[in-house]
Amino acid sequence: QVQLVESGGGLVQAGGSLRLSCAASGSIFSINAMDWYRQAPGKQREWVAAITSGGSTNYADSVKGRFTISRDNAKNTVYLQMNSLKPEDTAVYFCHALIISTSRSQGSYWGQGTQVTVSS
């Protein structure tokens, strides 16, 4: 059994910052790519940022230069530092990971989501 648990969401004013965390736990052998997605009310879930096991990163154009994804492999945790937040960043943020379990099977796992609200 593998779980992803996000934390760090909340309410912030435009221009402010938040740091999201997502910790993976359970029967983990290794973790490959880790991502953040977000879903605003009435919209489809969209990809935000990704980081490989080696630390290579990639970002959606809408957050490039404002958000930074990082990971601590020793803690099985991925972070999303969000700066210069805009009201349009308001959404539920989900982490996602490709994880190889101790039984050597790979699975795609999602966290439960954490709400980020940016007020104007």
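**Exercise 1. Locate I69 in the fold and describe its surroundings.**

Step 1. I69 belongs to strand β7, residues 67–72, where strands are DSSP runs of E with at least two residues, numbered from the N terminus. The model is a predicted one, in which local features need pLDDT of at least 70 and side-chain atom pairs count only at pLDDT 80 or more, while totals for chains, interfaces and linings use all residues. Residues are numbered from 1 along each chain as its sequence is written, and side-chain values use heavy atoms, with hydrogens and water left out.

Step 2. With a relative accessible area of 3%, I69 is buried; buried means under 20% relative accessible area, exposed over 50%, and partly exposed in between, using a 1.4 Å probe and protein chains only.

Step 3. Leaving aside residues up to four places away in sequence, the contacts of I69 include M34, W36, T57, Y59 and L80, a contact being heavy atoms within 4.5 Å. Of these, T57 is 12 residues from I69 in sequence, and the two C-alpha atoms are 7.1 Å apart.

**Exercise 2. Describe the largest nonpolar core and the strands that supply it.**

Step 1. A nonpolar core is a set of buried Ala, Val, Leu, Ile, Met, Phe, Trp, Tyr and Cys residues joined through side-chain atoms within 4.5 Å. The largest one has 31 residues, and those with the most contacts inside it are W36, L80, M82 and Y93.

Step 2. At least two residues of this core come from each of β1 (2–7), β3 (18–26), β4 (28–39), β5 (46–51), β7, β8 (77–82), β9 (91–101) and β11 (114–119). The strand that gives the most is β9, with five residues.

**Exercise 3. Characterise the disulfide between C22 and C95.**

Step 1. Counting pairs of cysteine sulfur atoms within 2.5 Å as disulfides, one finds one disulfide, formed by C22 and C95 with their sulfur atoms 1.9 Å apart.

Step 2. Because C22 lies in strand β3 and C95 in strand β9, the pair ties together parts that are 73 residues apart in sequence.

Step 3. The torsion about the S-S bond is about 40°, so the disulfide is right-handed. Both C22 and C95 are buried.

**Exercise 4. Describe the setting of N76 and of R104, given that each has a positive phi although it is not a glycine.**

Step 1. N76, with a phi of about 55°, lies in the loop between β7 and β8 and is partly exposed at 24% relative accessible area.

Step 2. R104, with a phi of about 75°, lies in the loop between β9 and β10 (106–110) and counts as exposed at 52% relative accessibility.

Note on methods
Helices (H or I, at least four residues) and strands (E, at least two) are DSSP runs, numbered from the N terminus.
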